[in-house]
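Here's a quick briefing on a protein model. Have a look at the sequence and the fold before reading on.

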Amino acid sequence: MSNIVVITGASSGFGALTARALADAGNTVYAGMRETDGRNAPQVQAAADYAKEHGVDLRSIELDVNSDDSVDSAVKQVIGEHGRIDVLIHNAGHMVTGPAEAFTPEQFAQLYDINVLSTQRVNRAVLPHLRKAGRGLVVWVSSSSVKGGTPPYLAPYFAAKAAMDSLAVSYAGELARWGVETSIVVPGSFTSGTNHFAHSGHPADGAVEAEYETKYPGLLQQVSQKLAALAPEGAEASLVSDEIARIVALPEGERPYRVHIDPANDGSEEVSEVADRIRREFLTRIDLADLLTVHPAGA
């Protein structure tokens, strides 16, 4: 039986690649994106063309993760058409670059809304259906910046991804007894195949940004160039989408809790191994070891 998949932020980058990879594997995929009749209309057409050309079930759907009404409407549509959702993929996100001090609190709030609060909106719409079914999979697209090397001028984005990753960890335990699996996918820095850097936001306070330039001239360009240089040949963004498709295809109960796709090896995997081991040990110490594995429906 193919899965009914909902993925957020699927207009480009990891999201678009993952939607196609999952559709290629025989799943029915709802590629969530905003402004499907506006600026993302070309992406909607591209997805439709791909579906027709490859004979797969890939459907674009209006899903603005910053809008409760949009999220609720999208989920209602999917449930109305299929009666279920099997896989939810939290992929929507936005990056900003620049000295942290130059960003206003309002900019931080907007960034957290896109990268963190959006997952809560979508969860509250989708999880009741997964819990009722007693099965399902939630995939969180995290970032190696959560626990790995963190160069300057990416602090607001890194902090937001860390918050999302922490939320995913807590949700994993809270969904286990409902039979709902959690997989946290941790990409490293991919400087090609995504539009994170190209479409990144910038600080509102240009005066402060200019002051930092006197002490850190050209730092952002240096970071971008070094990250690109660290990536080995063949490190394409499709490595991430292929891994997500592999996880979804695994038998229920056998999906990994956390996987890393980090060709540049910024140290995140090593730190995560320690953190995840401590989580396992602590839950065992407080007699909650059953939360480390999902429980079949009715158990």
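What follows covers the sheet, two helices packed on it, one helix with a buried face, and a single buried alanine. Keep in mind that this is a predicted model.

**The sheet**
- Seven strands make up an open sheet in the order β3-β2-β1-β4-β5-β6-β7, and the pairing is parallel.
- The edges belong to β3 (57-62) and β7 (258-261); each has a single partner strand, so one side of each has no neighbour in the sheet.
- On average, neighbouring strands are turned by 20° against each other, direction ignored.
- β1 (residues 4-7) and β2 (residues 28-33) pair in parallel over four bridges, with Ile 4 standing opposite Thr 28 in β2.

**Helices on the sheet**
- Helix α2 (residues 41-54) lies across β2 and β3, at about 165° to β3.
- Helix α3 (residues 68-82) also packs on the sheet, where it touches β1, β2 and β3; its direction makes about 145° with that of β3.

**Helix α7**
- At 1.5 Å a residue, the 12 residues of α7 (residues 219-230) should span 16 Å, and the end C-alpha atoms are indeed 16 Å apart.
- Its buried residues are Leu 219, Val 223 and Leu 227. Down the axis of α7 they fall within an arc of 70°, so they line one face of the helix.
- That fits the general pattern: an α-helix has 3.6 residues a turn, so residues three or four places apart point the same way.
- Gln 225 and Ala 229, on the other side of α7, are exposed.

**Ala 172**
- Ala 172 sits in helix α5 (residues 155-176) and is buried, its relative accessible area being 8%.
- Beyond its neighbours within four places in sequence, Ala 172 contacts Thr 182, Tyr 257, Arg 279 and Leu 291.

Technical notes
Residues are numbered from 1 along each chain as its sequence is written. This is a predicted model: local features need pLDDT of at least 70, side-chain atom pairs count only at pLDDT 80 or more; totals for chains, interfaces and linings use all residues. Side-chain values use heavy atoms; hydrogens and water are left out. The expected span of a helix is 1.5 Å times one less than its number of residues. Buried means under 20% relative accessible area, exposed over 50%, partly exposed in between (1.4 Å probe, protein chains only). The arc is that of the directions from the helix axis to the C-beta atoms. Contact means heavy atoms within 4.5 Å. Two strands pair if DSSP finds at least two bridges between them. Axes are lines fitted to C-alpha atoms, for helices over the stretch in contact, and angles run from 0 to 180 degrees between N-to-C directions.
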